Amino acid sequence: MIWHAAWICPADTMGDICPEFFRSFSEKKAIKKAVLRITALGVYEAVLNQKRVGDFILAPGWTSYKKRLQYQEYDITSFLSEQNELVVTVGKGWYRSPMPGWGASPEWKTIQQAPAGLLAEIEFLYEDGTSSFLGTDLTWGCRESAVRFSEIYDGETYDASLPIASSATESSTPAFSATPFSAASSSTHTFASAFSSSNMDKNRSDTLPVMEFDGPSDSLIPQEGEKVTEQETLFPCRIFETPAGETVIDFGQEISGYVELHLTAHNGEEVLLSHGEVLDADGNFYNGNYRGAKAKLHYICKEGFQTYKPKFTFFGFRYVRIDSFPGGPSAVTRDNFTAIVIHSALSRTGNIRCSNPLLNKLFDNIVWGQKGNFIDVPTDCPQRDERLGWTGDAEVFVRSAALNFDVERFFSKWLSDLRADQGTDGRVGHVIPDLLGDGASAAWGDAACICPWEIYLAYGNKEILSASLPSMEKWITYISTHTNDKNLWTGGTHFGDWLGLDAPSGSYKGSTRDDLIATAFYAYSTSLVVKARKVLNMDASYYETLYSDIIHAFRSHFTEYRTQTECVLAAYFNLASDCKAVADQLATMIVSCGNSLQTGFVGTPYLLYVLSRYGHLKLAYSLLLREQYPSWLYSVTKGATTVWEHWDGIKEDGSFWSMDMNSFNHYAYGSVIAWVYNEAAGIQTSEDGPGYETVRIQPKPDTRLDWLSASLMTRHGRMESGWTRQGDQWRYEITTPVDAVIVIADETIQVKKGSYVFFSPLEEC
């Protein structure tokens with residue numbers, strides 16, 4: 001689209017202070033409709049006539065900014081009056097905060113030096129059929145906002161004690177008149193020349209000049225993803241004093257979001273809060289695992305009653321330590337604080353419940369982990385100096401994500417950024433948006449193939465495959481040209497079976513061979529390209545031949561499987577010549593470890609599938625129901641409210657696994673919930689009828705549970721599958737919105753859409 005506006009920024013740097021751009025205008029003609037289009041280099045909050053425009057938190061969102069910058073449109077007709085003032089505050093956000101905490105690519109560090117830019121226009125459509133535009137240009141004013149500091153990792157400082165800024169309608173900024181837009185080219189600058197080196201020493205209320213500069217234009221795109229919004233409010237479940245003498249608020253649930261303050265105070269008094277996920281073994285506040293992220297909220301009070309919540313940052317937390325508060329810690333009450341949950345506005349589609357309270361808590365923890373990490377991009381964790389869109393985490397969880405929530409639009413947007421950031425040689429970065437700019441790892445880069453395919457299976461939309469197929473093929477080309485051996489992927493640097501419990505001493509990587517993992521995913525991604533091409537009615541013969549060659553090379557090169565994860569990959573990806581024998585070997589390995597798993601990020605998502613599909617259903621349930629370390633339920637027994645990064649993030653004695661990499665909100669191991677939907681409840685879509693157009697329902701109960709029930713809202717309607725133990729029988733209740741194949745105790749039944757009840761003998765798995 002053609003913008004009737006210019007990029008503007010403060011004419012001089014404000015340092016860490018967030019600038020506040022403003023424009024007054026009035027209009028005598030009868031307005032039929034008014035639309036605000038807006039974006040920023042940073043994140044923005046727009047206020048028209050003292051009313052917030054829209055509910056998008058951290059707009060315009062996080063994309064691969066140099067190639068894709070979203071803008072939003074808002075209908076502001078109802079906001080208008082005779083005299084109007086539009087105020088837009090711009091924070092650093094993901095665009096300009098120092099990210100990640102341990103360093104980023106030189107290119108990304110350069111982009112962080114961009115000015116706090118704003119691009120906005122109001123289009124007025126009049127009753128007489130004419131129109132006009134009011135866009136950002138040199139007639140806008142600028143001033144310091146009360147947001148004195150705000151960054152993604154470190155938090156926010158807000159000074160409510162500052163004098164209220166004078167109204168733009170009373171400033172020297174000219175009122176709007178309906179004149180054609182014309183960019184002042186003589187005052188246009190580049191990023192590099194946008195700031196002078198001097199700093200200002202002016203009052204917040206002073207009107208300061210803006211300047212136009214050469215901001216992004218070709219990369220502007222309409223809103224693609226789901227907006228981030230405030231979703232839920234939590235109240236403190238307790239306020240207590242720790243053994244160290246500190247006052248701490250416990251909200252009872254780890255969330256991503258922020259605290260809203262409600263208090264009465266005197267001008268200049270301060271509130272200082274620190275955020276944490278867990279308490280240490282002694283019951284003291286702990287956030288050493290946040291690494292370099294300060295995660296602090298600093299509020300300077302005005303006189304009287306007031307409320308405040310951050311504008312341009314968020315935290316991952318359950319606990320809040322009161323470092324400073326008017327009247328001291330003894331003055332703190334529950335009424336002073338509420339916690340606000342934010343995440344992308346996703347619709348809940350799936351739900352699972354069963355007779356085991358610990359499993360139900362695990363299901364809840366997985367959902368909370370997804371909510372906390374789906375803030376515009378699928379991040380690994382929401383609290384420490386990272387919060388990046390790790391491709392490995394996304395690909396192992398994408399199926400589970402699409403069962404819990406409707407994530408079609410969410411992943412479509414993220415995959416657009418993956419394609420934008422993909423290297424010309426086909427390299428896919430470790431994180432998307434690609435802040436790191438280094439290397440490519442098997443299982444991580446394979447997100448380019450796995451995520452589009454899983455989204456296609458979940459929603460049946462061929463467009464995701466059509467858009468992603470060139471990227472999928474480029475990834476296969478990258479592998480084929482970055483290996484030491486034809487038809488294998490050998491060499492390179494990989495994450496391996498990350499955090500596998502069979503890791504050598506001092507290593508984060510499990511003992512599974514990198515070359516086996518890499519070749520296994522090479523084969524799997526190639527098979528997905530074959531399937532995608534066939535869905536799109538394209539010739540797949542080249543990739544079919546390549547896939548066959550990879551399988552042959554894999555079987556010739558890897559003649560034995562040494563770890564649980566090696567067995568899992570060989571069987572799940574159908575690479576072994578005898579997958580049943582490999583699954584049996586896996587089962588033997590698990591039993592020899594005391595019925596415990598040893599897998600990490602790569603092997604765990606597929607582990608239970610291999611067991612249940614090759615005759616070891618009882619063992620699969622034993623792993624799912626295990627409460628001792630290592631297990632999914634171990635963290636639940638330790639009080640977890642989300643899924644942990646490590647199986648033993650908190651050890652039996654209360655000590656921590658580590659300080660440098662120990663997130664307590666990491667959804668990767670939560671991928672097990674997909675197995676519960678697919679195998680325990682038996683709800684499966686088909687490649688022949690994706691998006692649950694055709695369905696196979698094959699529930700697999702276990703006598704250690706009295707009942708289990710799962711539901712899923714699909715594009716075709718609500719699906720339900722549940723089983724209950726009744727005496728010496730299983731009772732199955734199944735509802736399908738489409739014709740389906742139902743398998744009960746090895747008996748296959750073809751049914752029309754509707755609700756059904758079946759019975760089978762109660763047998764041990």
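Is S760 buried or exposed? Select S760 and take a look around before reading on; keep in mind that this is a predicted model.

**Stop 1: S760**

S760 is buried, because its relative accessibility is 4% and buried means under 20%. Colour residues 754-761 and you have strand β36, where S760 sits. Now show side chains. The one on S760 makes a polar contact with the side chain of Y732, at 2.9 Å. To see the neighbours, add Q729, W730, Y732, I744 and A745: S760 touches each of these, leaving aside residues up to four places away in sequence.

**Stop 2: D746 and A295**

Next, pick D746, in the loop between β34 (740-744) and β35 (747-751). Check the backbone here: phi of D746 is near 70°, a positive value in a residue that is not glycine. D746 counts as exposed, because its relative accessibility is 73%.

Then jump to A295, in the loop between β21 (285-286) and β22 (296-300). A295 isn't a glycine either, yet it has a positive phi of about 50°. Here the surroundings are another matter: with 1% relative accessibility, A295 counts as buried.

**Stop 3: two cis peptide bonds**

Stay with the backbone and select A59 and P60. A cis peptide bond joins the pair, with omega about 10°. P60 belongs to the loop between β5 (51-52) and β6 (69-75).

Now go to Y629 and P630, where the peptide bond is also cis and omega is near -5°. This time the proline, P630, is in the loop between α13 (617-625) and α14 (632-637).

**Stop 4: the nonpolar cores**

Which residues touch the most other members of the largest nonpolar core? Select V407 and F411: they are the ones, in a core of 243 residues. Helix α8 (residues 514-535) gives the most to this core, 13 residues in total. Apart from this core lies another, made of eight residues, among them V278, W644, I650 and F656.

Zoom in on F411 to see what packs around it. Leaving out residues up to four places away in sequence, F411 touches F374, P378, A394, V398, A401, C451 and I455.

**Stop 5: the cavities**

Time to look for empty space. Rolling a probe the size of a water molecule over the atoms shows where such space is left. A search of the whole structure turns up five cavities of 30 Å³ or more.

Start with the largest cavity, which has a volume of about 140 Å³. Its lining is made up of 14 residues; select V396, R399, E454, P605 and Y606 to find the ones nearest its centre. Three helices, α4 (391-404), α6 (447-459) and α12 (604-613), each supply at least two residues of this lining. Of the contributors, α4 gives the most, with five residues. What sort of residues line the largest cavity? Nine are nonpolar, two polar and three charged.

The second largest cavity has a volume of about 70 Å³. Show L362, S631, W632, S635, V643, W644, H646, W647 and Y669, and you have its lining on screen. The residues here divide into six nonpolar, three polar and no charged. You may recognise W644, which is also one of the eight residues in the second core from the previous stop.

**Stop 6: helix α15**

Where does helix α15 sit relative to the rest of the structure? Select residues 672-680 and see what surrounds them. Nine of the nine residues are buried, so α15 is largely enclosed by the rest of the structure. If you want to label the buried residues, they are V672, I673, A674, W675, V676, Y677, N678, E679 and A680. Just after α15, stop at G682, which takes a positive phi of about 85°.

**Last stop: S466**

Finish with another serine. S466 lies in helix α7 (residues 462-481). S466 counts as partly exposed, because its relative accessible area is 44%, and partly exposed covers what falls between under 20% and over 50%. Add R533 to your selection and draw a line between the two C-alpha atoms: S466 and R533 are 67 residues apart along the chain, with their C-alpha atoms separated by 8.8 Å.

Key:
Residues are numbered from 1 along each chain as its sequence is written. This is a predicted model: local features need pLDDT of at least 70, side-chain atom pairs count only at pLDDT 80 or more; totals for chains, interfaces and linings use all residues. Side-chain values use heavy atoms; hydrogens and water are left out. On a 1 Å grid over the protein atoms alone, a cavity is a set of points where a 1.4 Å probe fits but cannot get out, and a pocket is an open set with protein on both sides within 12 Å along at least five of seven lines; lining residues have an atom within 4 Å of a point. Grid points are joined across faces, edges and corners, and a volume is the space filled by probe spheres set on the points. Helices (H or I, at least four residues) and strands (E, at least two) are DSSP runs, numbered from the N terminus. Ala, Val, Leu, Ile, Met, Phe, Trp, Tyr, Cys and Pro count as nonpolar, Asp, Glu, Lys and Arg as charged, and the others, Gly among them, as polar. A nonpolar core is a set of buried Ala, Val, Leu, Ile, Met, Phe, Trp, Tyr and Cys residues joined through side-chain atoms within 4.5 Å. Buried means under 20% relative accessible area, exposed over 50%, partly exposed in between (1.4 Å probe, protein chains only). Contact means heavy atoms within 4.5 Å. A polar contact is a pair of N or O atoms within 3.5 Å; within protein, one must be able to donate a hydrogen and the other to accept it, and residues adjacent in sequence count only if both atoms are side-chain atoms.
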